[in-house]
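Here is a set of short exercises to work through with the model open beside you. Try each task before reading its solution.

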Amino acid sequence: MTEIDVVANLKDVEAKIAAAAEDAARNPADISLTLVSKTWEADDIRPLLDAGHRRFGENRVQEAQGKWPELKDAYPGVWLHLIGPLQTNKAKDAVRLFDVIETLDREKLAQSFAKLAEDGELIPELFVQVNTGEEEQKAGVAPKEATDFARYCRDDLALPVTGLMAIPPAKEPPAPHFALLYKLGEELGLPRLSMGMSDDYETAIHLGATDVRVGSAIFGPRRPKEG
């Protein structure tokens with residue numbers, strides 16, 4: 001297998017983000033790049049940390065627990081996002097490890113966070129995940145329910161909801177889904193929009209993304225492994 005230069009890939013993605021932002025009359029500094037490090041080992045991630053990058057995304061709490069506590073100790077300033085579905089029974093572990101949880105998608109999970117806050121846990125930034133394509137197999141709140149749900153979490157439960165997240169259907173043009181998420185964010189007055197991945201982050205930036213999640217464009221094809 002050809003050795004992948006993750007640092008060169010990072011610089012390439014950063015340059016494309018800057019160009020897309022400037023083309024959209026936006027400040028590139030307003031776009032946060034989350035590197036999706038799921039399935040990759042600590043040794044694969046360290047070159048990016050050594051290069052100065054500090055924002056990463058993981059799909060599973062247990063996998064992240066196996067590599068990130070040590071990396072966070074070694075590299076101050078790491079900002080870790082949970083971008084995969086979260087089981088309620090993992091909520092306490094998640095709030096103790098992650099700095100942002102992007103997959104708040106149901107009342108039971110929101111209530112679990114609220115209870116943890118009552119118990120003295122510090123709740124990280126939360127994004128409401130919106131299922132813009134209303135796909136049965138995908139997590140997220142339906143668009144027609146997203147406004148009420150986000151307000152319930154933010155206003156009734158006093159949770160730190162700062163943004164929205166979406167993953168458009170794989171076989172549809174992403175732009176209408178990004179535009180829908182932007183509209184919902186405007187209605188709610190939420191400053192952060194996590195949308196756009198390796199194949200479409202430039203489009204997402206043109207349509208208002210503040211956070212993009214890029215994995216394969218940095219690391220190459222996902223490593224084949226269990227878990």
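**Exercise 1. Two alanines with unusual backbones**

Task: Find where Ala158 sits, describe its phi angle, and decide whether Ala158 is buried or exposed.

Solution. Start with the location: Ala158 is in the loop that runs between H6 and strand E6 (161-165). A word of caution before going on: this is a predicted model. Next, the backbone: the phi of Ala158 is positive, about 60°, although the residue is not a glycine. Last, the surface: the relative accessible area of Ala158 is 62%. The cut-off for exposed is over 50%, so Ala158 is exposed.

Now repeat the steps for Ala25. Its loop lies between H1 and strand E1 (32-36). Ala25 also is not a glycine, yet has a positive phi of about 60°. With a relative accessibility of 74%, Ala25 counts as exposed.

**Exercise 2. Checking a helix against its length**

Task: Test whether the end-to-end distance of helix H5 (residues 107-118) agrees with its number of residues, then look at what covers its buried residues.

Solution. Step one is the expected span. H5 has twelve residues, and the rule is 1.5 Å times one less than that number, so the helix should span 16 Å. Step two is the model: the end C-alpha atoms of H5 are 16 Å apart, in agreement with the expected value.

Step three is burial. In H5, the buried residues are Leu109, Ala110, Ser112, Phe113, Ala114 and Leu116. Their cover includes helix H4 (91-97), strand E4 (100-104), strand E5 (125-129) and helix H6 (143-156).

Step four is the end of the helix. Just after H5, Gly120 has a positive phi of about 100°. There is also a charged pair to find here: Lys115 and Asp119 form a salt bridge, at 2.9 Å from N to O. Lys115 is partly exposed, its relative accessible area being 46%.

**Exercise 3. Into the core**

Task: Which residues have the most contacts inside the largest nonpolar core, and which helix gives the most to this core?

Solution. Begin with the general idea: in soluble globular proteins, nonpolar side chains tend to be buried together. Here the largest nonpolar core holds 65 residues, and Trp68, Leu104 and Phe113 have the most contacts inside it. Helix H1 (residues 6-23) gives the most to this core, with six residues.

Then follow Leu104 outward. Setting aside neighbours within four places in sequence, its contacts include Leu109, Ala110 and Phe113, which are among the buried residues of H5. Leu104 also touches Leu126, Phe127, Val128 and Gln129, as well as Phe149, Cys153 and Val161.

**Exercise 4. A buried acid without a salt bridge**

Task: Work out which side chain makes a polar contact with that of Glu102, and how far away the nearest side chain of opposite charge is.

Solution. Locate Glu102 in strand E4. Glu102 is buried, and its nearest side chain of opposite charge is Arg213, 4.2 Å away. A salt bridge needs the atoms within 4 Å, so Glu102 has none. The side chain of Glu102 does make a polar contact, at 2.6 Å, with that of Ser194. Beyond four places in sequence, residues in contact with Glu102 include His81, Phe127, Met165, Ser194 and Arg213.

**Exercise 5. A small charged network**

Task: Find the salt-bridge partners of Lys67 and say why one of them is about one helical turn away.

Solution. As a reminder, side chains of opposite charge can pair when their charged atoms come close. The structure has 13 salt bridges. One of them joins Lys67 to Glu58, with the closest N and O atoms 3.0 Å apart. Another joins Lys67 to Glu63, at 3.1 Å from N to O. Lys67 and Glu63 are four residues apart in helix H3 (residues 61-74), so about one helical turn separates them. Lys67 and Glu58 are both buried, and Glu63 is buried too. Through shared partners, the salt bridges join Glu58, Glu63 and Lys67 into one network.

Conventions: Residues numbered from 1 in each chain as written. Predicted model: local features only at pLDDT ≥ 70, side-chain atom pairs only at ≥ 80, totals over all residues. Heavy atoms only, no water. Buried < 20%, exposed > 50% of the residue type's maximum accessible area, 1.4 Å probe, protein only. Contact = heavy atoms within 4.5 Å. Core = buried A, V, L, I, M, F, W, Y, C linked by side-chain atoms within 4.5 Å. Lys, Arg positive; Asp, Glu negative; His and termini not counted. Polar contact = N/O pair within 3.5 Å; in protein donor to acceptor, adjacent residues only side chain to side chain.
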